[in-house]
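Here is a friendly walk through one protein model and the molecule bound to it. Keep the viewer open and follow along.

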Amino acid sequence: MSDAASAPVLVHTLADLREAVAAARHYGARIGLVPTMGALHEGHLSLVRASRRNCGFTVVSVYVNPSQFGPREDLAAYPRTLPADMDLLRRERADLVFAPSDAEMYPAGYATWVNVESEAQPLEGVCRPGHFRGVATIVLKLFNAVQPDVAYFGQKDYQQTLVIRRMVSDLHVPVEVVVCPTVREPDGLAMSSRNAYLSPAERQRALALSRSLEHARQLLASGVRDAETVAREMKTIIDQAEPASIDYIALVDPRTLQPVAQIHDPTLAALAVRIGTTRLIDNAILRP
Ligand code: AMP
């Protein structure tokens, strides 16, 4: 890829965003949106590439959305690297970057929230109360501001994709939601902006997440169908990454996120684990 690509246009206000998108729409471009919290890595860039393949105009939002962080979560520490992000997005030839301030997105008096029930309740919903309320709200606000034809999300945040699909369907949002596969480091670790928090030793221990998913796949291949057995063996692998605390290891229906007892259909294996103080999530669809 040429390094000589011109930088995407960077806007910070909704007015400038709307104007830039309107101009692109005027010449007939399909609009793709990639919502991110920045600290971009190959996982994010895979979404940008997917948008570039299918849309004539790609908007990337870079916004650390405070409303999806709990009071004891890492909002203040979350990496903010806009100049480096802009450089990566220039190489990917993204067209427009929207990096708003908190005051732009949540001005004084802000009081409207999107609450998705059902899919938002288990797993992350239990561990991070209010998280998906923040996610659904900011994503709907971005959808309304950009009015994209297509929006791109990663399977890395599997439950988030279900919550967004539910919101889009229930609220008749005219956008196509595309989910792209999880991008991993060569050793299997799912890419995440939060991986930057890991010390080298923790980075090694974090491999337990992807290893446990790989082990679950092997158990399935060897004929194991009992979900409790699979979860127990996954836990054994995670426990070896001491001191890790497990938020959940779940084997669930990939549409409803309800637990399954026997794995006879495609099943989501999802886990959330703390390595030191860093909370990591990963998942895989197991196909018997
Ligand atoms: P974030 O910046 O963490 O909010 O993520 C922005 C988007 O990138 C979300 O749709 C994520 O699911 C997606 N994403 C994050 N990590 C990965 C990854 N390793 N592979 C694919 N997509 C990812």
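The report below goes from the ligand to the nonpolar cores, then to a group of charged residues and a few backbone details.

## About the model

Please keep in mind that this is a predicted model.

## The ligand and its surroundings

Let us start at the ligand, where 17 residues form the surroundings. The closest are M37, H44, D157, V183 and M191. Sorted by class, the shell holds 8 nonpolar, 7 polar and 2 charged residues.

Which parts of the backbone make polar approaches to the ligand? At M37, a polar backbone atom sits 2.9 Å from an oxygen atom of the ligand. V183 brings a backbone N or O atom to 2.8 Å from a ligand nitrogen, and for M191 the distance from a polar backbone atom to a nitrogen atom of the ligand is 2.9 Å. The ligand taken alone exposes 480 Å², and the protein buries 92% of that.

Which secondary-structure elements supply at least two residues each to this shell? They are β2 (31-36), α2 (42-54) and β5 (150-154). Helix α2 gives the largest share, with 3 residues.

## The nonpolar cores

The largest nonpolar core has 37 residues, and L17, V59 and F143 have the most contacts inside it. Several elements each supply at least two residues of this core: α1 (14-26), β2, β3, β4 (96-98), α6, β5 and α7 (158-170). Its largest share, 10 residues, comes from α6. Elements β2 and β5 thus appear in two lists, since each also supplies at least two residues of the ligand shell.

V59 is a good place to look inside this core. This residue belongs to strand β3, which covers residues 57-62. V59 counts as buried because its relative accessibility is 0%, under the 20% cut-off. Beyond the residues up to four places away in sequence, V59 touches L17, V21, I31, G32, L33, V34, L96 and V146. L17, one of these partners, is also among the core residues with the most contacts.

F143 offers a second view. Setting aside residues up to four places away in sequence, F143 touches L33, P148, A151, F153, I164, M167, V168, V173 and V175. A second, separate core of 28 residues includes A227, A231, L271 and V273.

## Buried charged residues: R128 and E124

Now turn to R128, in the loop between α5 (124-127) and α6 (131-146). Is R128 buried or exposed? R128 counts as buried because its relative accessibility is 10%, under the 20% cut-off. Its side chain makes a polar contact of 2.6 Å with the side chain of E73. Not counting residues up to four places away in sequence, R128 touches Q68, E73, R194 and R279. To place this loop relative to V59, note that the C-alpha atoms of V59 and R128 are 28 Å apart, with their positions 69 residues apart along the chain.

E124 lies in helix α5. With a relative accessible area of 5%, E124 is buried. A polar contact of 2.9 Å joins its side chain to that of R279, a residue that R128 touches as well. Apart from neighbours within four places in sequence, the contacts of E124 are F132, Q159, Y248, A272, R279 and I281.

## V135 on helix α6

V135 lies in helix α6 and is buried, with a relative accessible area of 2%. Although V135 and Q68 are 67 residues apart along the chain, their C-alpha atoms are separated by 5.6 Å. Leaving out residues up to four places away in sequence, V135 touches N65, Q68, Q160 and I164. Two of these partners have come up before: Q68 touches R128, and I164 touches F143.

## Two positive phi angles

Finally, check the backbone at A39 and R93. A39 is not a glycine, yet has a positive phi of about 50°. A39 sits in the loop between β2 and α2 and counts as buried, at 14% relative accessibility.

R93, also not a glycine, has a positive phi of about 60°. The loop between α3 (82-91) and β4 holds R93. How exposed is R93? At 35% relative accessibility, R93 counts as partly exposed.

Methods: Residues are numbered from 1 along each chain as its sequence is written. This is a predicted model: local features need pLDDT of at least 70, side-chain atom pairs count only at pLDDT 80 or more; totals for chains, interfaces and linings use all residues. Side-chain values use heavy atoms; hydrogens and water are left out. Helices (H or I, at least four residues) and strands (E, at least two) are DSSP runs, numbered from the N terminus. Buried means under 20% relative accessible area, exposed over 50%, partly exposed in between (1.4 Å probe, protein chains only). A polar contact is a pair of N or O atoms within 3.5 Å; within protein, one must be able to donate a hydrogen and the other to accept it, and residues adjacent in sequence count only if both atoms are side-chain atoms. Contact means heavy atoms within 4.5 Å. A residue is near a molecule or strand if one of its heavy atoms lies within 4 Å of it. Accessible areas come from the Shrake-Rupley method with a 1.4 Å probe; for residues, only the protein chains shown count as cover. Ala, Val, Leu, Ile, Met, Phe, Trp, Tyr, Cys and Pro count as nonpolar, Asp, Glu, Lys and Arg as charged, and the others, Gly among them, as polar. A nonpolar core is a set of buried Ala, Val, Leu, Ile, Met, Phe, Trp, Tyr and Cys residues joined through side-chain atoms within 4.5 Å.
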